[in-house]
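Got the viewer open? Please walk me through this structure one selection at a time, telling me what to click next and what is there.

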Amino acid sequence: MAAVKQKLLLMGKSGAGKTSMRSIIFANYVPRETSRLGATIDVEHSNIRFLGSLTLSLWDCGGQDHFIDNFLEAEQENVFKDVAVLIYVFDAESMETKDTDYFRRVCDAIYTNSRSAKIFCLVHKMDLINENEREEFCKLREAQLKEIGERLDLTCFWTSIWDETLYKAWSEIVRCLISNLDTLKAKLRALCEVCEADEVVIFERATFLVIAHAVIEPHDDVHRFEKISNIIKQFKLSCNKKRAGLESLLVQNANSTVLILDFTVCTSIMLVCSDTRIRPAAVLHNIQLATEGFKPLLDDAPIAGSDMLLEPKNIPSSVPKASVLR
């Protein structure tokens with residue numbers, strides 16, 4: 001399948017944390033290293049290969065007043081044309097009137113030039129907001145931002161570089177660019193049932209963002225996948241510093257078995273079993289049998305907005321039930 005490039009704008013006032021979050025997700029920075037990053041000058045372009053056929057054309061736009069004014073005036077068509085996703089980052093501590101005024105103008109420019117674009121507002125540095133005040137703060141800010149972007153498809157997230165919220169937001173952002181998620185989820189559920197697992201999760205291998213998951217046994221922690229993204233990403237970076245790679249990880253205790261390993265060329269997979277009678281070798285065997293059927297869905301994933309969709313009948317729905325051993 002031919003590569004498809006999707007344009008993402010990363011915007012917000014200077015100091016909001018745009019470049020820090022981009023560096024953590026895509027450039028393997030750890031949070032403590034981001035303090036040495038300088039301000040973005042004009043626009044920094046990055047082409048990021050993601051899930052085989054998808055390339056993210058990420059425009060990190062400088063947040064100083066004169067740059068934003070230039071983007072909205074002289075360069076408006078160049079900057080805002082053919083945008084698939086706008087990520088607008090606010091500093092939670094300093095969401096002043098000028099910042100929301102800029103956001104209003106940006107929404108107008110998106111509506112004029114890329115009306116079908118999806119808008120993600122990331123209210124960042126939430127760790128600096130008093131925990132007792134966060135719920136009310138979020139309600140007020142979300143209502144304010146949705147009023148400004150009422151003509152557009154707008155979603156709000158509350159993020160910090162110090163926890164899993166950043167992975168939650170960016171996982172949602174990249175998932176909106178993949179059109180075959182329903183088919184992928186159906187295949188994951190079939191794999192989950194064959195393995196008699198509680199849940200199975202697909203991560204993009206380089207960023208460890210969550211692509212899709214299937215859950216048989218519900219869990220109380222709704223943020224668990226993003227927490228795992230954060231933990232495994234940091235562990236992989238630690239391995240890299242020792243010139244070692246992470247291909248697989250098996251964690252077992254009296255209550256469950258967790259297996260994380262490379263899946264297709266572009267992805268990793270995690271499978272959780274609470275039935276400790278199921279042997280890890282059987283789970284691994286099922287995953288290996290399923291890999292070929294998932295490759296067209298993951299390594300050549302059709303992109304939202306394209307007409308190159310895979311027919312479900314061409315994808316094996318499961319692996320042989322007999323391969324589940326106890």
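## First stop: the cavities

S10, strand S11 (267-273) and H9 each put two or more residues into the lining of the second largest cavity. One thing to keep in mind as you click around: this is a predicted model.

To bring that second largest cavity up, select Thr257, Leu259, Leu271, Cys273, Ile278, Pro280 and Val283, which line it. The space inside comes to about 40 Å³. Color the lining by class and you get six nonpolar residues, one polar and no charged ones.

How many cavities of 30 Å³ or more does a search of the whole structure find? It turns up two. The largest cavity holds about 50 Å³ of space. Its lining is Phe208, Ile232, Lys236, Leu246, Glu247, Ser248, Ile260, Leu261, Asp262 and Ser268. Helix H8 (224-241) and strand S10 (257-262) are the elements that give two or more residues to this lining, and S10 gives the most, with three. By class, the lining of the largest cavity has five nonpolar, two polar and three charged residues.

## Along H9

Stay with H9, which covers residues 280-298, and pick threonine 291 in it. Is threonine 291 buried or exposed? It is buried, because its relative accessible area is 12% and the cut-off for buried is under 20%. Beyond residues up to four places away in sequence, threonine 291 touches Phe263 and Thr264.

## Into the cores

Next, hide the surface and go for the nonpolar side chains. In soluble globular proteins, such side chains tend to be buried together. The largest nonpolar core here has 58 residues, and Leu122, Trp170 and Ile211 are those with the most contacts inside it. Another core lies apart from it, with 36 residues, among them Phe90, Tyr102, Ala109 and Cys121.

Zoom in on leucine 122 and show its surroundings. Leaving out residues up to four places away in sequence, leucine 122 touches Met21, Ile87, Tyr88, Val89, Phe90, Phe157, Thr159, Ala169, Trp170 and Ile173. Trp170, one of those partners, is also among the residues with the most contacts inside the largest core.

## A pair of helices

Now select helix H4 (residues 97-113) together with helix H5 (residues 134-148). Their axes come within 9 Å and cross at roughly 35 degrees. Turn on side chains to see who meets whom: Thr100, Phe103, Arg104 and Cys107 come from H4, and Gln144, Leu145 and Ile148 from H5. Sorted by class, this contact of H4 with H5 has four nonpolar, two polar and one charged residues.

Step back to the loop between strand S5 (118-124) and H5, where you'll find aspartate 127. Aspartate 127 counts as partly exposed, because its relative accessibility is 35%. Show its contacts beyond neighbours within four places in sequence and you get Arg134, Ser160 and Trp162. For a distance label, try aspartate 127 to glutamate 93: they are 34 residues apart in sequence, and their C-alpha atoms are 9.8 Å apart.

## Two positive phi angles

If you have a Ramachandran panel, open it for this stop. Aspartate 82 is not a glycine, yet its phi is positive, near 60 degrees. Look for aspartate 82 in the loop between helix H3 (76-80) and strand S4 (83-91). Aspartate 82 is exposed, with a relative accessible area of 60%.

Then jump to glutamate 196, another non-glycine residue with a positive phi, this one about 55 degrees. Glutamate 196 sits in the loop between helix H7 (181-194) and strand S7 (199-204). With a relative accessible area of 30%, glutamate 196 is partly exposed.

## Last stop: a buried arginine

Finish on arginine 22, in helix H1 (residues 18-26). Why does arginine 22 count as buried? Because its relative accessibility is 14%, and anything under 20% goes in that class. Which residues does arginine 22 touch, not counting those up to four places away in sequence? The list is Leu10, Ala27, Glu44, Ser46, Leu58 and Asp60. To round off the tour, draw a line from arginine 22 to aspartate 220: they are 198 residues apart along the chain, and 29 Å separates their C-alpha atoms.

Key: Residues are numbered from 1 along each chain as its sequence is written. This is a predicted model: local features need pLDDT of at least 70, side-chain atom pairs count only at pLDDT 80 or more; totals for chains, interfaces and linings use all residues. Side-chain values use heavy atoms; hydrogens and water are left out. Helices (H or I, at least four residues) and strands (E, at least two) are DSSP runs, numbered from the N terminus. Buried means under 20% relative accessible area, exposed over 50%, partly exposed in between (1.4 Å probe, protein chains only). Contact means heavy atoms within 4.5 Å. On a 1 Å grid over the protein atoms alone, a cavity is a set of points where a 1.4 Å probe fits but cannot get out, and a pocket is an open set with protein on both sides within 12 Å along at least five of seven lines; lining residues have an atom within 4 Å of a point. Grid points are joined across faces, edges and corners, and a volume is the space filled by probe spheres set on the points. Ala, Val, Leu, Ile, Met, Phe, Trp, Tyr, Cys and Pro count as nonpolar, Asp, Glu, Lys and Arg as charged, and the others, Gly among them, as polar. A nonpolar core is a set of buried Ala, Val, Leu, Ile, Met, Phe, Trp, Tyr and Cys residues joined through side-chain atoms within 4.5 Å. Axes are lines fitted to C-alpha atoms, for helices over the stretch in contact, and angles run from 0 to 180 degrees between N-to-C directions.
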